[in-house]
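User: Hi! I've got a structure here and would love to talk through its charged residues with you. Could you have a look with me?

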Amino acid sequence: AGAVAEGGDGSGGGRSTALKKKGGQIDLLTLLEKLCEGCSGEEELSEALSQASQMCTALVDETSVAVRDCTEDAADAEDAYHIRLEAHSILSRRAVQSAEAVEEQFRTNGRAALKIGQQLEMAEAKRRQCESAAVLIRRWWTMENLAEQEATSGEEIRVDEEVRGAIPSSAGRMDPLYTKPENGLEAAKALKMLRTVVKQRSSTPSGALVDKQSTRRFELTSGLIERTSKALESRLLSSFSGIYTRGGTYDFSSPESAGRTGRLDWVALRELAEALTYFDNGRSLHKRYVQMVVFSRFPEFTATKNKKARGGGGNDDNEDANEEEFDMDATRSKLSSLFHRVCEVCTAEFQLIAHVFSSSAESLGGGTYDTLAMDAVTLRVARALLQRVISDPRSGLQARIDDILATIDRRGDFDAGAKKLDTFVIIHEKAAVLFSLLKDAAREHLLPKSVSEGDSSSAAAHNRAVSSLLQFLTTQEIALSEGHRRGYLNLELRMLHHECCANLDNIGARLSRPIQVAPDPLISAAGRAGGGPSGSGATVYQAPLMPLDKGGLKKMGFTTLLNGPLKQSVLRQPLINATDSLARARLMFGGSQSGTGGDADATARVITAVYSQMCTFYGQSYLFPIVESLGEMLNPSAPSTPPSLPFKEDSPPHDLGVDGSFWVGVERIHSAAKAFDRELWAEQRAGSVRVFEILVGTRNHTCLSQAKERRVRFFQDLEERGEAAILRALDTLSVHIQWILVAGGESMLATGGSRLLHSVTGKGSGPYAVPSGSTLDTTNSPAVKSLTYCLRAQFVHTQAALTSGSLSAFWTALSMRLYDILVARLLQHYYISTVGAVILSRDVEALRSVAMLAGRNHSHWDNLRELLTLFMTPPDSLRTILVGPEGDVNSGKGLFGRAGRDQSLVFMSRRVDYRVKTNQG
């Protein structure tokens, strides 16, 4: 039992362990079963249960003792914790009371200390003011004594010589402060204060000076101060010019590097610039610096100016005669070199301006930059330099560009105009790159690195200066581009019109006199002020309307017309010129998805103007007169003599009044219209950079809708004229069809002399009144046979010229007219016999087969075929055919139901045996 209870021996321990592994708990019944397994009798079981009870009791006792011990330990720990917590609370309250006492004491003593500090600062400021005033008074007395001595002795002090150093200090009378070069900054400050005193004293009422002697002394002193200031400023400017003129490599890595051999001494320049700022805020220095940069870095500017001055009174005619031919490659090279030099020089000078003209409060070793002064001075100097280099009207970049354009203008021919257009584009491209590089250089080099890495105030001042300069550069770029854009747009429109007209003139086409039409609003919008290329409101060139002379076109004939104005290369050349104009306009104005910059609205208006002018030329001046002439060249009247039938099929078929070249011309005009839309509008060509894609890129919905409307109007006008020409061709064909069917078919000479017109009554009743018993020599009548031969040949030309829809409509209309001609002749002039009905049926079948070559609505031929049965049916069977087998007129059957009662009776009346029964019989 002990082994079973403790699980230390036999299989009982294994089972107990297994039970613990299988489940987390063992219930009493299961435990009892396990105990009973090892016991053979009741005594053993009782003993085992007794031992188990004793063990459980012992375990319960041990557990209760352990619980009591833990409870006591927890109570002791809780008491200790409460004691420590109370101690900490007392300590914290004492610390808070001490801190409050210290804070109150600090507040009391701090206010007193702050008042003492403020009083000390005020006292120090007053002390400095008193010292400055004392120094200023001493210097005023010195200048006053010198002026008195000069007035008393009558010997003028040679201020300029002494300040320049031409007279030694030992022999001079001036204060060494103004004569020694190392005292330049201090002397400039002193003279600035003295001039301020003079200015303030001069602005006070004259009563402030109580006597004439004082007024005299003041005037003498102020005159000497003014002379000294001019002399010192002149010396400083000369020193600045000498150092800058000597030149050297720009090295701004450290102040020590400025004194090395071959380096520009920018530290000395900085000291001189700081001293010169006390003379009219350095305006003379800024002007001198800009002049030195231009004269030393851009000799071509000054050379151009001198050349103009020397050649101002020369003979312009001789110059033009001796002028060499304009070389576009050389011009491109010159412009590239010039723009590159401007960018290179300005980039370097930006660094020099940032290090020389930015003010500092202390020495270079530990000084701090005056960001407000840097914001004003460096920006002012950089703007002056850029304005002088770029926008100077006499010797700047703009003037040099104008000289190149003037060189082209002096040639005066249209080839020079084309070269000027290319030059405009080159200038615009180079200028865009130049200003982009200048903006990058301004952002990067306009401030020394020691400042750009400083505090936030310096960075903010730098951003203000750079933003202002970038705005100025943008203004300069716009000013440079706008002038060129105005000239470019007018020249572009003029040259495009000239090249298109010259293309027609070169092939011998005659143009009408210019017709002045109402100004095109789309072209006028391109020059409208307020963002357009013509900012000054100048009028944009409006091309006159010069259409092809229709009289000359008609004299050419179809063949010459196809080899001249309708030649493929001639039709394509204006499109080539227009695509070149679009490419140049896009480069000049930009503003699209490509990111080239520019004004998107101006780009949209210019592209729309070019497209509108091309629509006007290609339509009203070119294609419209040709289409109208093609129609007028057709003669819608038949020859006066009947044709000699039948036509021989081994010879060319008769053209029925419409030459095959007419349809070739129509086809070429249609192809030209599609090419015009494909090459210029190009809506379905992604990446084509044509009108549609450019306007979509500018996001100008107004110009896009205007261009769409102009495009639709162009094609509508062309379609109307084309339809008129084709209708004239249809009329011509109809007249000649009637000429063959009527005049030829009824002619006595239609078959070479044998009469085919027979009549039972002895009168001519048409070709189908053939007597019974006559032999049928041919399948069809000669007129129909010849007509179908000609119509099939005409269909080949028509099919090649028209689209499937137009061909269907045209051929359906021709089928209707052919039907009307035949039926009208049958019902008005012909009588048909039974034998003639067979010939007529064959003729109708032949004409129907030709009519059904194209088109869909040919049901009229089917009705005619049914009505022809009236001529081939014996008289006793007519009633059945007309009203059906029932014999009821109102049954809706027979020909009365299918073709109509009236029409059936009219056709039946054309039988040769038709009689009308009257009361007289």
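User: Which residue forms a salt bridge with R848?

Analyst: That would be D862, and the closest N and O atoms of the two are 3.2 Å apart. Please keep in mind that this is a predicted model.

User: Good to know. Where do D862 and R848 sit in the chain?

Analyst: D862 is in helix 29, residues 859-867, while R848 belongs to helix 28, residues 834-851. The pair links distant parts of the chain, with the two positions 14 residues apart in the numbering.

User: And is R848 buried or exposed?

Analyst: R848 counts as buried, because its relative accessibility is 15% and the limit for buried is under 20%. Its partner D862 is partly exposed, at 32% relative accessible area.

User: Why would two side chains like that pair at all?

Analyst: Side chains of opposite charge can pair when their charged atoms come close.

User: How many salt bridges are there in the whole structure?

Analyst: A search of the whole structure gives 31. Another one of them joins R510 and D549, where the closest N and O atoms are 2.4 Å apart.

User: Where are R510 and D549 found?

Analyst: Both are in loops. R510 is in the loop between helix 18 (456-506) and helix 19 (521-526), and D549 is in the loop between helix 19 and helix 20 (550-563). The two are 39 residues apart, so the pair links distant parts of the chain, and R510 counts as partly exposed at 48% relative accessibility.

User: Nice. What about K554, which residue does it form a salt bridge with?

Analyst: K554 pairs with E632, and their closest N and O atoms are 3.0 Å apart. Since E632 lies in helix 22 (residues 600-632) and K554 in helix 20, the salt bridge ties together parts that are 78 residues apart in sequence. Both ends are partly exposed: E632 has a relative accessibility of 37%, and K554 has 36%.

User: Which residues are linked with those two in a network?

Analyst: K550, E628 and R721 are linked with K554 and E632 in a network of salt bridges.

User: Switching topic: which residues gather in a patch of negative charge on the surface?

Analyst: The patch is made up of D69, E72, D73, D76, E78 and D79. D79 lies in helix 4, which covers residues 42-153, and D79 is partly exposed with a relative accessible area of 44%.

User: I was also looking at R879. Where is that one?

Analyst: R879 is in helix 31, residues 878-883. It counts as exposed, because its relative accessibility is 53% and exposed means over 50%.

User: What does R879 touch?

Analyst: Leaving out residues up to four places away in sequence, R879 touches G884 and G887. If you'd like a distance too, R879 and L895 are 9.8 Å apart from C-alpha to C-alpha, with 16 residues separating them in sequence.

User: Let's zoom out. How many helices and strands does the protein chain have?

Analyst: The chain has 33 helices and 0 strands. It is 921 residues long, and 40% of the residues count as buried.

User: And what share of the contacts join residues at least 24 apart?

Analyst: That share is 77%, taken among contacts between residues at least 6 apart in sequence.

User: Last one: what does the accessible surface come to?

Analyst: The accessible surface of the protein chain is about 49100 Å², and 52% of that belongs to carbon and sulfur atoms.

Definitions and conventions:
Residues numbered from 1 in each chain as written. Predicted model: local features only at pLDDT ≥ 70, side-chain atom pairs only at ≥ 80, totals over all residues. Heavy atoms only, no water. Patch = residues over 30% accessible without salt bridge, like charges linked within 9 Å, V, L, I, M, F, W, Y side chains within 5 Å. Areas by Shrake-Rupley, 256 points an atom, 1.4 Å probe, with all protein chains shown as cover. Salt bridge = Lys/Arg side-chain N within 4 Å of Asp/Glu carboxyl O. Lys, Arg positive; Asp, Glu negative; His and termini not counted. Charge placed at Lys NZ, Arg CZ, Asp CG, Glu CD. Helix = DSSP H or I, 4+ residues; strand = E, 2+ residues; numbered from the N terminus. Buried < 20%, exposed > 50% of the residue type's maximum accessible area, 1.4 Å probe, protein only. Contact = heavy atoms within 4.5 Å.
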